[in-house]
Amino acid sequence: MAFSLKVRTFVLAMKIFTAAQTHELDKFTIAHEPIKSIDLMERAACQLTKAIAARWDSSVPVVVFAGPGNNGGDALAVARMLTEQNYQVQTYLFNISGKLSADCAENRQRLVTRKGRPLLTEVTQEFDPPQLDQGMLVVDGLFGSGLNKPLAGGFASLVKYINSSQAQVVSIDVPSGLMTEDNTYNVRSNIVRATLTLTLQHTKLAFLFAEHQQFVGEVQILDIGLSAEGIEKTDAPYSYMMHDDVVPLLKPRNAFSHKGTMGHALLVAGSYGMAGAAVLAARACMRSGVGKLTVHTPRRNIAILQTAIPEAVIHADREETIFSEAVSTDDYQALAVGPGLGTSEQTAIAMIAQLRRAQCPAVVDADGLNILAAKHAWLQQLPKGIILTPHPKELERLEGQCTDSYERLIKARQLAERLQGYVVLKGHHTAICMPDGHIVFNSTGNAGMATAGSGDVLTGILLALLARGYERREACMLGVYLHGLAGDLAARKLGEESLMASDIIHFLPQAFLKLK
């Protein structure tokens, strides 16, 4: 199923709020617009109905399942509006405890008293479920973002019944049973599997995790007019990086620039048999605008590197096959260590010495991370502002096994805070964990980039940006976005199946042009 995010184009750094913050934004909007809560619900229902009608016409039979809270109130309002547009709608309101939220009760009343008295079944005890056939549409309005424990009992049975049917499913705000942040201890069989999730105002953190794709399906964000002032004032722990967030970060090149003013980068990479990783990182660095690049590599890699990347200066290690000695960084503006480096004891000692003596911003990737995982105490010796770029397995080697993406994300954030550095957790929505605890998710990239060498390319891009004078935060955001954008452009031309890491480098010039 496709995953897309549709947002207002003028929203910069789209914030991702917690469920509690969303509830507070609702209250802020009600108080400061001002607007009654029932009218805000009506406004949301209008957007929901419009989105549903855009996908399914009135010939499609609709079954609405509404819970007792405000998510159910949204669903009841949608049932009324669809009925007014001549849809054939069956509505089931689950009022097991005999207590509805005020706005849910009001929408129940509006539904049952409208002209034509649409079919409404209020379930208080026993429930005889309707037949759900292929070609039908289920509107899931059982539970929204306020859920804080797994579904059980009759509601769990209903979810399983919905999931076993051939009907398409639209979930309002959040698929029922899915919690908006931490689902570590959730019961996955008791979560609705939506065809389409119509989420309100902003995406939810849980939607960005791979294991939840099966539940959320396609995601469409609906603007329901929550207070812009409230959104601006609320500090969200997460944000989603879009094109317009990145464009202002790009530094213009001075017309009088020369290689001496565009930064000198040092790349420590490659062991015997792994020269390709060094080549990819070096080529990506040069394609990202650095003035000068020096690659420190074992002697046996010299001919390969000078042939593959003649623009780079090659600095030979004293050893034939491994990295064995740290290099002075006095003449460099940025350092990257790790691609294809190997993990021998001699290399490990040389690497930590290299990082300890670094007088410039540094990136650690690949075998550099594997060395740190094996020598965990060395993490304390890393310089402040270090940038680590682990994929999920590398992160777990550093910080321990994780049960799911949420736990992995939290561990990455804790690592960034502890090191006072940056942890770039690579994935479909790469997460940049900042030293202050904030996390920025990336919006570019595709499955074709799941290929050997892709991470080496990112290392080269980050190295170039740092050498050119970008601050670490800016370099991480711009570098990750450019890396994914180049991958998207490559996939558009070549397809995801045939994409190689070198293709990402080939499309870097177009990615830069798109930002300009």
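In the predicted model, the backbone nitrogen of L485 lies 3.4 Å from a polar atom of the side chain of T444. The side chain of T444 also takes part in a polar contact of 2.8 Å with the side chain of N442. T444 is placed in the loop between strand 18 (439-442) and helix 15 (454-467). Its relative accessible area is 8%, and T444 is therefore classed as buried, the limit for this class being under 20%. When residues up to four places away in sequence are left aside, T444 touches H428, V480, Y481, G484, L485 and D488. L485 thus appears both among the residues touched by T444 and as the owner of the backbone nitrogen that lies 3.4 Å from a polar side-chain atom of T444.

An open sheet was identified next. Seven strands, written as 7 in the computed description, form this sheet in the order 4-3-2-5-6-7-8, and the pairing is parallel. Strand 4 and strand 8 (218-222) are the edge strands, since each of them pairs on one side only. On average, neighbouring strands of the sheet are turned by 20° against each other, with direction ignored. Within the sheet, strand 2 (residues 62-66) and strand 5 (residues 137-141) run parallel and are joined by 5 bridges. In this pair of strands, V64 stands opposite V139 of strand 5. Helix 3 packs on the sheet, where it touches strand 2, strand 3, strand 4, strand 5, strand 6 (168-172) and strand 7. The direction of helix 3 makes an angle of about 155° with that of strand 2.

Charged side chains were then examined. A search of the whole structure yields 16 salt bridges. One salt bridge is formed by the side chains of R108 and E122, with a distance of 2.6 Å from N to O. R108 belongs to helix 4 (residues 102-113) and E122 to strand 4 (residues 120-123), so this pair ties together parts that are 14 residues apart in sequence. Both partners fall into the intermediate class of accessibility: R108 is partly exposed at 26% relative accessibility, and E122 is partly exposed at 28%. Strand 4, which contains E122, is also an edge strand of the sheet described above.

Other salt bridges lie within a single helix. In helix 7 (residues 228-233), K233 and E229 are 4 residues apart, which means that about one helical turn separates them. The closest N and O atoms of the salt bridge between K233 and E229 are 2.8 Å apart. K233 is exposed, with a relative accessible area of 56%, whereas E229 is partly exposed at 40%. A spacing of 4 residues, about one turn of the helix, is also found for E407 and K411 in helix 14 (residues 405-419). These two residues form a salt bridge in which the closest N and O atoms are 3.7 Å apart. E407 is partly exposed at 25% relative accessibility, while K411 is buried, with a relative accessible area of 16%. In addition, E42, R80, E106 and R110 are linked with one another in a network of salt bridges.

Backbone geometry was considered last. The peptide bond that joins E33 and P34 is cis, with omega at about -15°. P34 is placed in the loop between helix 1 (19-32) and helix 2 (37-55). Positive phi values were found for residues other than glycine, including N86, whose phi is near 70°. N86 is located in the loop between helix 3 (70-84) and strand 3 (89-94). With a relative accessible area of 63%, N86 is exposed. Q201, which is not a glycine, likewise has a positive phi, of about 75°. The loop that holds Q201 runs between strand 7 (196-200) and helix 6 (213-216). At 9% relative accessibility, Q201 counts as buried, whereas N86 counts as exposed.

Note on methods
Residues are numbered from 1 along each chain as its sequence is written. This is a predicted model: local features need pLDDT of at least 70, side-chain atom pairs count only at pLDDT 80 or more; totals for chains, interfaces and linings use all residues. Side-chain values use heavy atoms; hydrogens and water are left out. A salt bridge is a side-chain nitrogen of Lys or Arg within 4 Å of a carboxyl oxygen of Asp or Glu. Helices (H or I, at least four residues) and strands (E, at least two) are DSSP runs, numbered from the N terminus. Buried means under 20% relative accessible area, exposed over 50%, partly exposed in between (1.4 Å probe, protein chains only). Two strands pair if DSSP finds at least two bridges between them. Axes are lines fitted to C-alpha atoms, for helices over the stretch in contact, and angles run from 0 to 180 degrees between N-to-C directions. Contact means heavy atoms within 4.5 Å. A polar contact is a pair of N or O atoms within 3.5 Å; within protein, one must be able to donate a hydrogen and the other to accept it, and residues adjacent in sequence count only if both atoms are side-chain atoms.
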